[in-house]
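I opened my notebook to look up ring contacts and one helix. Here is what I looked at.

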Amino acid sequence: MAYVLNTEITSWFSALRSSWRTALRIDRSQIMAIQALYSTLGFVIPLALGVATGHVVEGVSIAGGAASLGSVALDASSSARTRTMFLACVGIAASAFVGSVTSQIDWLAILVIGIWGFGAGMLVALNRFAMIIGLQSTIALIILSHFKLDPLNAALQALLMFVGALFQAGLGLLTARWQRTKIERHVLATAYRQLADYASDPGSTFPQTRDALSNAQTVLAESSISEREGNVLYGLLEAAERIRLYCFALQQLRKSIGSDERGAHCSSYLDRVLEATAEELNNIADELEPRKSFVHFHKPQQELKEALTGLRQELGAFCDEASIQQVLGYSSALRDQLHATKKLAKSLRYKQLHLPQELLGSFRNRHPNRLQWRNALVTLRANLSLESTIFRHAIRLGVTLTLATALYRVGPWPIERGYWIPLTALLVLKPDFSTTFTRGLARMLGTMLGAALTSLLIALLAPANEVLVVIDAVMAYLAFTFLYANYAIFSAFITMQIVFLLSFVIPQPLTTALDRALDTLIGGILALLIYTAWPTWQLKQVPRDLAAHLESLCAYGSTVLTAYATSQPYESVRSHELLQQARLARSNADVSIRRSLEEPVSHHFDPDLAQSLLEAEDAIAQSLLALEAHLLAHPVNHKLTEMVAFKQQYEEALHLLAEAIREQRPAQQLPPIKQTLHDLNCAVKARGYTECSDMRAIVAELRHIVNAITLMAQLLAEREKSRA
């Protein structure tokens with residue numbers, strides 16, 4: 001018993017050390033130095049005007065409303081940013097009014113804050129923009145519930161905060177006119193640069209390329225751009241997917257060329273193709289997001305042409321003529337795709353959006369209509385279960401805010417400005433262990449540091465109001481700059497910003513800084529204790545996410561395999577959508593596994609099993625990518641009726657495996673998919689591969705899929721044996 005207890009304590013200390021290291025880590029790629037300028041202007045302009053005109057209290061209130069929305073303008077597309085900010089304006093104003101009106105009655109204020117906390121927790125289920133709206137609205141409610149105002153003054157205070165939030169949103173809308181599609185073009189340029197690295201070295205950059213394309217898809221899906229621009233942007237995204245498939249197929253073929261003298265010669269030409277592809281992809285990225293660079297003396301299209309000529313000359317002398325034919329086919333398709341993609345990028349840069357339909361993507365405007373609201377309600381209803389991580393988070397958040405508010409409002413000891421206790425708990429509590437403890441430690445560390453620095457600055461400067469405006473502007477800028485790079489640094493600067501802001505109306509900055517530090521410490525510890533008392537471990541979430549990824553691969557693979565059984569031209573739009581869903585599901589599974597490893601060991605899902613299952617699923621995904629690449633290169637050269645039986649058994653096998661992973665048990669008897677593949681190969685071989693060229697390569701990829709399915713079944717069976 002003592003050994004088990006010691007092991008559990010050691011496990012917790014190890015998890016806390018991991019959270020501490022994460023809290024101190026600075027992600028330099030997330031430093032928002034330029035974007036923070038716009039958010040800072042929205043905060044400091046009303047504050048400066050209020051001080052200059054003598055309306056200090058009004059200026060502080062408006063600046064507070066503007067500061068609430070400053071973070072929204074940092075990393076969202078212009079359309080998503082504007083939409084979120086305007087919705088948040090309404091949420092902040094309404095919450096400020098409710099908080100002020102209910103503040104007169106302690107029990108009612110405590111109840112309302114708990115309800116708002118539950119609602120903010122549930123909004124996490126929708127998307128990050130809904131989460132932001134819920135978070136900012138709850139913050140406004142908590143702050144304003146501290147000031148006991150009559151209905152008229154409550155309405156005036158809510159109006160001032162609404163004006164501030166509206167000013168910040170309007171400023172964001174104004175800057176968006178000069179930044180139209182800037183974020184969309186930036187994420188696409190990033191994806192193309194990552195794709196260039198992938199063309200040069202696919203083995204080490206495969207995950208980064210997948211994540212970059214997934215991020216581009218997410219940003220485009222959030223945009224409300226015009227249909228013409230949307231067609232071009234989606235065309236660029238779909239082109240990136242096709243280029244990635246061609247590069248993947250060429251790398252797979254490179255392994256089959258051989259290592260003798262003639263094979264090495266052919267491989268050198270193939271390397272030139274991929275190097276020229278990487279250079280052209282970087283050129284496309286420069287077109288999307290112009291940057292200063294040295295003059296390029298090499299012309300990638302010319303390099304591609306010369307490499308293809310060399311490969312054609314090797315065709316007659318190389319023993320494996322089929323492999324070279326495939327390399328030539330993919331390389332030619334890749335060259336044509338790069339040429340068309342560069343046209344798309346140039347058209348976007350020079351606003352020449354009238355292009356041939358075959359170059360454009362399948363953009364469809366999404367309007368915020370009743371259907372979307374209905375979908376949101378369906379999502380929320382689906383999460384109304386204790387099995388849902390979001391529902392547990394919402395209950396935990398509501399209870400925590402209720403206790404935190406009661407602690408300072410009806411507790412036996414007076415706590416000055418005690419609203420920082422529930423405010424800290426709101427910002428610390430997250431649905432998972434690692435983020436909650438990382439946030440909690442970072443918040444407490446940053447607040448202590450911010451309070452100390454504030455005290456030092458006040459002692460040295462004793463600033464007047466005009467100097468306070470400048471200091472507050474600097475602190476706000478630094479806070480917005482480091483918001484996503486390091487939460488501890490952000491907490492330090494946001495503490496200083498708020499203390500200096502309150503100094504305009506509460507001329508006791510040292511006391512305010514001390515109160516904030518103490519209340520933050522209390523709120524942070526309370527949040528961590530409540531999460532520890534009723535945690536949500538990844539132990540159950542990991543198998544769910546792995547199963548969801550496998551089911552998404554089932555849908556994607558079904559579309560690809562169906563295309564081999566028909567003579568109709570291959571339409572890639574549907575498979576592209578399913579691939580995006582599979583990529584998102586894969587990202588969720590990867591995050592769940594990593595979060596599980598940051599939790600105490602006793603609550604881990606078997607990390608070796610989880611990683612092995614994910615690698616097997618990745619093997620299926622890569623083979624499906626290779627099969628789709630063949631379809632893109634040969635859109636009508638296939639009619640394998642035997643593929644129907646293989647597809648059906650593929651779907652059945654993946655459904656059985658997904659169910660077994662979700663329930664953490666061995667899979668039931670799988671269909672004889674290996675025998676079906678053997679029969680398919682024999683039947684097509686007997687006809688001399690007349691229905692489909694490159695059948696050997698196709699069968700090789702199907703064999704990889706079958707091997708991955710078999711491996712997953714074996715892994716689940718072996719785990720059951722070890723548990724027994």
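I began with a charge over a ring. In this predicted model, Arg-439 lies over the face of Tyr-487, at 3.9 Å from the ring centre. I then looked up another case. The charged end of Arg-516 sits over the ring of Trp-420, 5.1 Å from its centre.

Next I turned to ring pairs. How many aromatic pairs does a search of the whole structure find? I noted 9. I took up the pair of Tyr-487 and Phe-490. Their ring centres are 5.5 Å apart and their planes stand at 35°, so I entered the pair as tilted. The label rests on the cut-offs: planes under 30 degrees apart count as stacked, and over 60 as edge-to-face.

Where do Tyr-487 and Phe-490 sit along the chain? Both belong to helix H19, residues 487-502. They are 3 residues apart there, so about one helical turn separates them. Are Tyr-487 and Phe-490 buried or exposed? I found Tyr-487 buried, and Phe-490 buried too.

I also noted an aromatic cluster. Phe-433, Phe-437, Tyr-531 and Trp-537 make it up.

Last, I checked helix H24, residues 643-663. At 1.5 Å a residue, its 21 residues should span 30 Å. The end C-alpha atoms are 30 Å apart, so the expected span agrees. I looked up burial in H24 as well. The buried residues include Met-643, Phe-646, Tyr-650, Leu-654, Leu-657 and Ile-661. Lys-647 and Gln-649 are also among them. Just past H24, I noted that Gln-664 takes a positive phi of about 55°.

Definitions and conventions. Residues numbered from 1 in each chain as written. Predicted model: local features only at pLDDT ≥ 70, side-chain atom pairs only at ≥ 80, totals over all residues. Heavy atoms only, no water. Phe/Tyr/Trp six-rings, centres within 6.5 Å; stacked < 30°, edge-to-face > 60°. Helix = DSSP H or I, 4+ residues; strand = E, 2+ residues; numbered from the N terminus. Buried < 20%, exposed > 50% of the residue type's maximum accessible area, 1.4 Å probe, protein only. Lys NZ or Arg CZ within 6 Å of the ring centre and 35° of its normal. Expected span 1.5 Å × (residues − 1).
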